[in-house]
Amino acid sequence: MVTVNEALDIILNSTGALSSETVPLTELLGRTLSEDIFSNTDIAPFDNSGMDGYALIASDTKDASPETPRTLDVIEELRAGTISSLIVKSGQAIKIMTGAPIPQGADSVIMVEDTEKLEVRSQKSEVKIFKEAKLGDNIRKAGEDIKKGDLVIKKGTLLGPAHIGILASLGISKIKVTKKPFVAVIATGDELIDVKEETSLGKLHTSNTYTLYSQVLNCGGTPANIGIARDNPVDIEEKIKSALKCDVIVTSGGVSMGDYDFVKDVLIKLGGEIKFWKIAMRPGKPVIFGLLNGKPFFGLPGNPVSSMVAFEMFVKPSLMKMSGQKPDNKKEIEAVLQEDIKKKKGLRFFLRAITQWENGSYITKTTGPQGSAILRSMMLANSLIILPEDEEFIKKGAKVTVRLLD
Ligand code: AMP
Ligand code: MG
């Protein structure tokens, strides 16, 4: 039996990032960049107006005020997306819209609210300026967001909407990201039927197939439902073989001490290397981890809560690493326990809990009965209380570590 920390170390040391693939912008959300992105251009690409107003020469507006306006000739109107061929000279202004390139000669923009357009007299249009413009006012400089040559997004970055927008503004339509792990999900058990099958006494619907499938999706993997293997070595072997096209294999059930728990034997028969069996934790103790054809193999316990918790604690970090990310503990916080808890010494406990912010600190309480077959305890939980191996009684009011769930 290994500790939770040892198990995690072994798993992460046996997992590496997958290779990369080129993906278009619309499929990039949540993917991990596998190359550094340098800018091939300035963003903004040219000096442009930050306001609707008038591009002019700041010194022409010296001491302008509502009482002492300055009057300038308007020589052109410039919309976003167009450029001017004229050069602004002293006494002149060009009406300009937000985003339009600053015309030559102009050194500032005065916003339209500080001006008044005058009647057109003999083909000539004029504007009154009520405020002094300072050099550079309302000009968005070329490169103010990103400079040509900048390292804009680092390899390993998890891509969100803003990253994808930046790539678009650089004119990059597709980039290299780490492949998504393709994860086989296999349920095992003679008692299991699929969700559409009629139930009868002694049978139950495979819920693990669908929780595990969803957990894979939640961490950015692509799940494959390989189905239900019956509790015999032949069937388990057949299902595992058909899962070998995937990057990771996750089974549930058949890893305990029962007479019909064959997953470990089959893994060995197929040449798999068992790295450990059993972790000092509850729920989730009988987890098997190994490598089969060099691919991570997780034999999770069958109890619905055990398989979910073991996935959260071990499969997820492994999938994150395969996706090119660093598994981190950002989601672990400290909270004040709202009830007394008695636990077994020697095992790390993961209790399903509701944790919330109240009067300046997090408080946490269990969701009720904690049996590992009570999936409802997981459904109601937003977090797991993590209780250390060496403790036996934890008093109400104690500070405990809590892991927030997605
Ligand atoms: P096992 O680990 O195979 O001994 O299974 C432990 C318990 O989990 C048993 O009560 C099983 O019926 C239950 N179980 C196993 N696999 C599943 C599954 N796919 N969905 C729901 N319950 C399961
Ligand atoms: Mg079973």
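In this predicted model, 1 salt bridge is counted between domain 1 and domain 4. The partners are Glu312 and Arg403. Their side chains meet at 2.8 Å, taken from N to O. Side chains of opposite charge can pair when their charged atoms come close. Polar contacts also link the two domains: 7 residue pairs are counted, with both residues at pLDDT 80 or more.

Three elements each give two or more residues to the side of domain 1 that touches domain 4. They are helix 1 (4-13), strand 19 (281-282) and helix 6 (304-322). Helix 6 gives the most, with 8 residues. By class, this side of domain 1 holds 9 nonpolar, 5 polar and 4 charged residues.

The two domains belong to a longer assignment. Domain 1 covers 4-17 + 180-322, and domain 2 covers 20-44 + 144-178. Domain 3 runs over 48-140, and domain 4 over 331-404. The C-alpha centres of domain 1 and domain 4 lie 25 Å apart. Their contact takes 18 residues from domain 1 and 18 residues from domain 4.

The size of an interface is often given as the accessible area lost when the parts come together. Between domain 1 and domain 4, the buried area is about 1600 Å². Carbon and sulfur atoms give 65% of that area. On the domain 1 side, Arg282, Val305 and Met313 stand out. These residues supply 35% of the area that domain 1 buries against domain 4, more than any other three residues.

Ligand 1 has 15 residues around it. Glu191, Thr206, Ser207, Gly254 and Gly302 come nearest. Both oxygen and nitrogen atoms of the ligand have polar neighbours. An oxygen atom of ligand 1 is 2.6 Å from an N or O atom in the side chain of Glu191. A nitrogen atom of ligand 1 lies 2.9 Å from an N or O atom in the side chain of Thr206. With Asn208, the backbone is involved: one of its polar backbone atoms is 3.3 Å from a nitrogen atom of ligand 1.

Over the whole structure, the search finds 18 salt bridges. One of them joins the side chains of Lys241 and Glu237, at 2.9 Å from N to O. Both residues sit in helix 4 (residues 233-242). Because Lys241 and Glu237 are 4 residues apart in this helix, about one helical turn separates them.

The backbone was examined next. Most residues other than glycine have a negative phi, and most peptide bonds are trans. Exceptions appear in the loops. A cis peptide bond joins Ile43 and Ala44, with omega about -5°. Ala44 is found in the loop between strand 2 (37-38) and strand 3 (48-49). Another cis peptide bond joins Arg282 and Pro283, and here omega is about -5°. Pro283 is found in the loop between strand 19 and strand 20 (288-292). Arg282 is also one of the residues named above for the area that domain 1 buries against domain 4. Asn138 shows a positive phi, near 60°, although it is a residue other than glycine. Asn138 lies in the loop between strand 9 (125-129) and strand 10 (139-140).

How values were computed: Residues numbered from 1 in each chain as written. Chains lettered and ligands numbered in written order. Predicted model: local features only at pLDDT ≥ 70, side-chain atom pairs only at ≥ 80, totals over all residues. Heavy atoms only, no water. Domains from an automatic or database assignment. Contact = heavy atoms within 4.5 Å. Buried area = accessible area lost by both parts, 1.4 Å probe. Salt bridge = Lys/Arg side-chain N within 4 Å of Asp/Glu carboxyl O. Polar contact = N/O pair within 3.5 Å; in protein donor to acceptor, adjacent residues only side chain to side chain. Nonpolar A, V, L, I, M, F, W, Y, C, P; charged D, E, K, R; others polar. Near = heavy atom within 4 Å.
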